[in-house]
Protein chains: 2
Amino acid sequence: MSFAPLINDTFLRACLGQATDYTPIWLMRQAGRYLPEYCATRARAGSFMGLASNPDFATEVTLQPLQRYALDAAILFSDILTVPDAMGLGLRFEAGEGPKFERPVRSEADVAALAVPDMERLRYVFDAVTSIRRALAGRVPLIGFSGSPWTLACYMVEGGGSDDYRHVKSLMYRRPDLMHRLLAVNADAVAAYLTEQIRAGAQAVMVFDSWGGVLADGMFQRFSLAYTQRVLAKLPRTHDGATIPRIVFTKGGAPWLAEMAALDCDVLGVDWTVHLGRARALVGGLPGGPGKALQGNLDPAVLLASPEAVAEQAVAVLEAFGAPHTDPTRRGPTHIFNLGHGISQHTPPEHVQVLVETVHAHSRRMRGTA
Amino acid sequence: MSFAPLINDTFLRACLGQATDYTPIWLMRQAGRYLPEYCATRARAGSFMGLASNPDFATEVTLQPLQRYALDAAILFSDILTVPDAMGLGLRFEAGEGPKFERPVRSEADVAALAVPDMERLRYVFDAVTSIRRALAGRVPLIGFSGSPWTLACYMVEGGGSDDYRHVKSLMYRRPDLMHRLLAVNADAVAAYLTEQIRAGAQAVMVFDSWGGVLADGMFQRFSLAYTQRVLAKLPRTHDGATIPRIVFTKGGAPWLAEMAALDCDVLGVDWTVHLGRARALVGGLPGGPGKALQGNLDPAVLLASPEAVAEQAVAVLEAFGAPHTDPTRRGPTHIFNLGHGISQHTPPEHVQVLVETVHAHSRRMRGTA
């Protein structure tokens, strides 16, 4: 496949620790319910999975936020549960209930029956990737993504969302052997899934460890981090001559930032409990390595407040990260602006405009490039 | 008031950094739905508030876990929302819904109308404290408690529980002046409430900052920590000649442990994302001060797994804290065993037995006092 050359590569450069003229920004769940045009497309698609499983609809909604805002990256519109669905667990969306699996993984036999699914069952996702990449026509890079092995396991064992993760944690504490087997299958499936997304046109990949932060110290390292690393170890470093940056986001991962610095990835995504300056000191540059770029970390609730609060808090996040790296001859600590979690459906779209403009303008001022 | 002399003071000694023969243990929400006898009393009381507002019922359920297990402290059975209820917000419990306020605090006028309630409206709580203290007859100390100013504010503004805290966070970002006024009232109310609990017989007090961890870095310090400190500054240090230890528990507080070390309290409660050995290195002893004792931090989900897992993970928590302080001539780092959050209603009661016995036996072995 050949695609149009990239016009705005600011995001990819920042991922790789290269100096940029300003701080790039994109938003987790940027194609979402806060946009009326998204809701309109979803209504036409009939359902969430109707939207996510149709490459034309997925392309349409992926591009919607880019038509409104000067965002520096697009992210594949898809669901986090496509992989377990392809494993045969039977994904359903019930009105007002969130995703459910018809056949959750609870018993030894359930775990034994799991296998890496045939990637052809996920062809609709890869087709969406290619379709979106073409539609982007090189404007900004396209990020592919997957849930982490642990995060997928939470949904697979609980059978849906959870407040206390009691089924998955109970299985982990009671039968760690079964949990390790489940996570190994998930890791190999996620690696195959992300590799196919890269082949289909994804220019960076992100692993969402949305539920890593619910684990106890010690368990996080063994049951989440180790399997995220297993995924990373299996991914191609380059495709068609281009380096494919890897981003790992762990919600609630603040206690383990130093340990996450050892992951074979380029960027660590952090939530709003993290002080970016302190995180930069911890993981921004390590002896013998260029360190990690940092992605984040505005509290999505700021976007609900007021335009003034959005501008003020966006500046606070940029200033917390501190003086940007500007030396074009070497790699150094870089920041990709994002929220600390997905954007809220209650966000007024005009607040996002203020956010994007503030981040671009203030980060240029910080570099003296305004 | 005079009460029976204390027989088992292990918990109070550990709070104050004094060496003990073993690691004391109590469990957040230890009087709760996992106990069939609690459910029976609650059924007789007719409702949760019927239970919490009647000193006889509150005494009965507070003592139930102590009749089963060799716990080293009792904690007042009450609700976290008694103070805002006394402010006139109208607390209701709906079946399967959790607590709700009939009149949530949303507008400038709502905030302006708030005031520290007359403590006579909370007499039923203080009566329960005195009744429980008498019924304990000196077996173990009684802990009084309150929600933190921020945690109470979350409920008061949201009107109940929340997934995203969007109303309270939006108010905080949009109108920080209103939020500061609300929190100042809460802090003064909580200080008066805990002071009255101490006068009524509470031998230690605990501030539950259950929702501090949802705040962004920077906001936590200004909108939660500062008001917890305001509470602590107003509490009596001693009562009837005895030192009253203060415990501050922040769920999700791992990113701010070093800052919490500056609180005027004796014990920091931590959740299961914290490595107790690392926390001890950070806050267990500070230049010029004895440091903080640590309370925690077993994941409550461990209690759902199996007796073997409970024993194994309890030992892991004790070993993570490390070698206990055993010098009777000085204060040093001490550990109070607890969960990292309230006990789950799905806990098999016999697993709690295994936990308490394991903590007592293994911590004696660690001291060579077995």
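This text follows the symmetry of a predicted model and then turns to its empty spaces.

Laid on chain B, chain A fits with an RMSD of 0.0 Å after a turn of 180° and a shift of 0.0 Å along the axis, and the two copies are therefore related as by a two-fold rotation axis. Within chain A, it is Pro255(A) whose C-alpha comes nearest that axis, at 3.2 Å. The same surface serves both copies, since 100% of the contact residues of chain A recur in chain B.

Pro255(A) appears again in the second largest pocket, where it is one of the residues that lie nearest the centre, together with Ala254(A), Ala254(B), Pro255(B) and Leu282(B). This pocket holds about 610 Å³ of space and has a lining of 26 residues, to which helix H12 (257-260) and helix H13 (276-283) of chain A, and helix H12 (257-260) and helix H13 (276-283) of chain B, each give two or more. By class, its lining comprises 16 nonpolar, 4 polar and 6 charged residues.

Enclosed space is a separate matter: across the whole structure, a search finds 6 cavities of 30 Å³ or more, and the largest cavity contains about 90 Å³. Of the 16 residues that line the largest cavity, Thr23(A), Pro324(A), Thr334(A), His335(A) and Arg367(A) lie nearest its centre, while the elements that give two or more residues to its lining are helix H14 (307-321) and helix H15 (349-367) of chain A. The lining of the largest cavity divides into 8 nonpolar, 7 polar and 1 charged residues.

Conventions:
Residues are numbered from 1 along each chain as its sequence is written. Chains are lettered from A and ligands numbered from 1 in the order in which they are written. This is a predicted model: local features need pLDDT of at least 70, side-chain atom pairs count only at pLDDT 80 or more; totals for chains, interfaces and linings use all residues. Side-chain values use heavy atoms; hydrogens and water are left out. On a 1 Å grid over the protein atoms alone, a cavity is a set of points where a 1.4 Å probe fits but cannot get out, and a pocket is an open set with protein on both sides within 12 Å along at least five of seven lines; lining residues have an atom within 4 Å of a point. Grid points are joined across faces, edges and corners, and a volume is the space filled by probe spheres set on the points. Helices (H or I, at least four residues) and strands (E, at least two) are DSSP runs, numbered from the N terminus. Ala, Val, Leu, Ile, Met, Phe, Trp, Tyr, Cys and Pro count as nonpolar, Asp, Glu, Lys and Arg as charged, and the others, Gly among them, as polar. Copies are superposed by least squares on the C-alpha atoms of residues with pLDDT of at least 70 in both. Contact means heavy atoms within 4.5 Å.
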